[in-house]
Amino acid sequence: MPSRSLTDDALAAIERRLAATDELLARNYPGDDGRRQPVHTVYLPADRFTPATAREWGEQALAAADAAGGLAEVARTVGLDDPDLPELVRRKLTEEPIEDLRLDFEDGYGDRGDEAEDADVARAVDAVTVAVREGSAPPFVGIRFKCFEAPVRARGLRTLDLFVSGLAAGGPLPEGLTITLPKVTTVGQVEAMVDASRALEGALGLDERRLRFEVQVETPQVILGADGTAPVATLLHAADGRVTSLHYGTYDYSASLGIAAQYQSMEHPAADHAKNVMQLAVAGTGVHMSDGSTNILPIGDPAHVADAWRLHARLVRRHLERGIYQGWDLHPAQLVTRFLATYAFYRDGFPAAATRLRNYVHRIDSAILDEPATARALASFIHRGVTCGAVTAAEVASAAEVTVETVRDLALNRPTTIQPEETR
């Protein structure tokens, strides 16, 4: 056996030198915490929300598909041919048509005066409370209030306060409560949101960090700051662990760069640059990321509806292939292609991913030698597909020869023990 050359003192010195690095990595880059990420966020003017909204959107989506010949025909229209898609998507649109819903008090609501907005906040609190109690609320629901720019800051904070305080007065806050801070330009605005969250927690007797929030990336200043840095990365680590997600704002961001309206799109090169920076910023942090929306809606004459569905399906597939697993929907008919395209993405990739994960877990020789990081990526892909309903637990057990629980543990890099029924 060879003798050692590094002394205990040398090793201890290295440990001391890297202690701060270890602490930084553990604090700022903790990795995926296992939270469910919705496949989409639906934005709706706050005064339009009722406890029946999610069900009604699902019904309207199915009606739009049926008017075009049914889900199978829409699938063919957008170039999808998986025979299982129509039934899976119909079930989704019936049982959970909206995964994440944001009651909008910002651009989708406008300036209606304090009296009207206060009244609409109160009605929103009542509607959300009833929806959560009755079980008709989406898994994630919350508000987008006005931004922290000076002209609307006080109004935004008032709406946030009234909404959260109103919900807290009725009992525990909804488990899936989600708050969106729009049009962030500086790290200081995020730090101010942290201050507001702490103040509300203290006043309402909430647990520390109970109030977390999303940040909307809608301005170029948050991608490239005046000092040449990327504030979007800095703000994540200045937010006391409260930022849950970054959302790209297609049209505000494009307009800020002077891009003509007809060329503003989720796939414009300027959009891709911003999202590439955002994706780098969230890597390893456990913070989720969402693409934006398309304002080309599938309504009107049948030819336009078909074209809009093709566009939407392509854009959904595009951001999924680029590792962005969430986007925005603005109209019930967009739910049709949201789930058709999302489900097709996971089902198209499932056979190969399941085979590779099976070979990795059961140590089966194959032509692809996957490493632990790739195995985590394979497991994460499959787990996302199962969570949204694109892939069933039975399909996982048959193709990957492991349970969904094992897949989840592998995706989260947790210790896992293969059960006897999972061995070959």
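The exercises below, each with a worked solution, deal with pockets, a cavity, a helix and two loop residues of a predicted model.

In this predicted model, local features need pLDDT of at least 70 and side-chain atom pairs count only at pLDDT 80 or more, while totals for chains, interfaces and linings use all residues. Residues are numbered from 1 along each chain as its sequence is written, and side-chain values use heavy atoms, with hydrogens and water left out.

**Exercise 1.** Describe the largest pocket by its volume and its lining.

*Solution.* Begin with the terms: on a 1 Å grid over the protein atoms alone, a pocket is an open set of points with protein on both sides within 12 Å along at least five of seven lines, a cavity is a set where a 1.4 Å probe fits but cannot get out, and lining residues have an atom within 4 Å of a point. Grid points are joined across faces, edges and corners, and a volume is the space filled by probe spheres set on the points. By this reckoning the largest pocket holds about 940 Å³. Next, find its 33 lining residues, of which Asp-32, Gln-37, Tyr-325, Ser-380 and Arg-384 lie nearest the centre. Then turn to the elements, where helices (H or I, at least four residues) and strands (E, at least two) are DSSP runs numbered from the N terminus. Helix α13 (372-388) supplies at least two lining residues, as do α10 (269-282) and β7 (288-290), and the largest share, nine residues, comes from α13. Finally, at least three lining residues come from each of domain 1 (40-338) and domain 2 (349-412), with bounds taken from an automatic or database domain assignment.

**Exercise 2.** Determine which element gives the most to the lining of the second largest pocket.

*Solution.* This pocket has a volume of about 490 Å³, and among its 20 lining residues Arg-35, Phe-140, Glu-175, Leu-177 and Thr-244 lie nearest the centre. Strands β4 (177-181), β5 (213-217) and β6 (243-248) each supply at least two of the lining residues, and β4 gives the most, with three.

**Exercise 3.** Locate the largest cavity and the elements around it.

*Solution.* The structure holds one cavity of 30 Å³ or more, and the space in the largest cavity is about 50 Å³. Its lining includes Met-266, Asp-272, Arg-318 and Ile-324. Two or more lining residues come from each of α10 and α11 (302-321), with α11 giving the largest share, three residues.

**Exercise 4.** Check the length of helix α6 and find where its buried residues lie.

*Solution.* The expected span is 1.5 Å times one less than the number of residues, so the 17 residues of α6 (153-169) should span 24 Å, which agrees with end C-alpha atoms 24 Å apart. Buried means under 20% relative accessible area, exposed over 50%, and partly exposed in between (1.4 Å probe, protein chains only). The buried residues of α6 are Arg-155, Gly-156, Thr-159, Leu-160, Phe-163, Val-164 and Leu-167. They cover an arc of only 150 degrees around the axis, and therefore lie on the same side of α6; the arc is that of the directions from the helix axis to the C-beta atoms. On the other side of α6, Ala-154 and Ala-169 are exposed.

**Exercise 5.** Decide whether Arg-209 and Asp-240 are buried or partly exposed.

*Solution.* Arg-209, in the loop between α7 (187-204) and β5, has a positive phi near 65 degrees. At 37% relative accessibility, Arg-209 counts as partly exposed. Asp-240, in the loop between α8 (231-237) and β6, has a positive phi near 60 degrees, and at 19% relative accessibility Asp-240 counts as buried.
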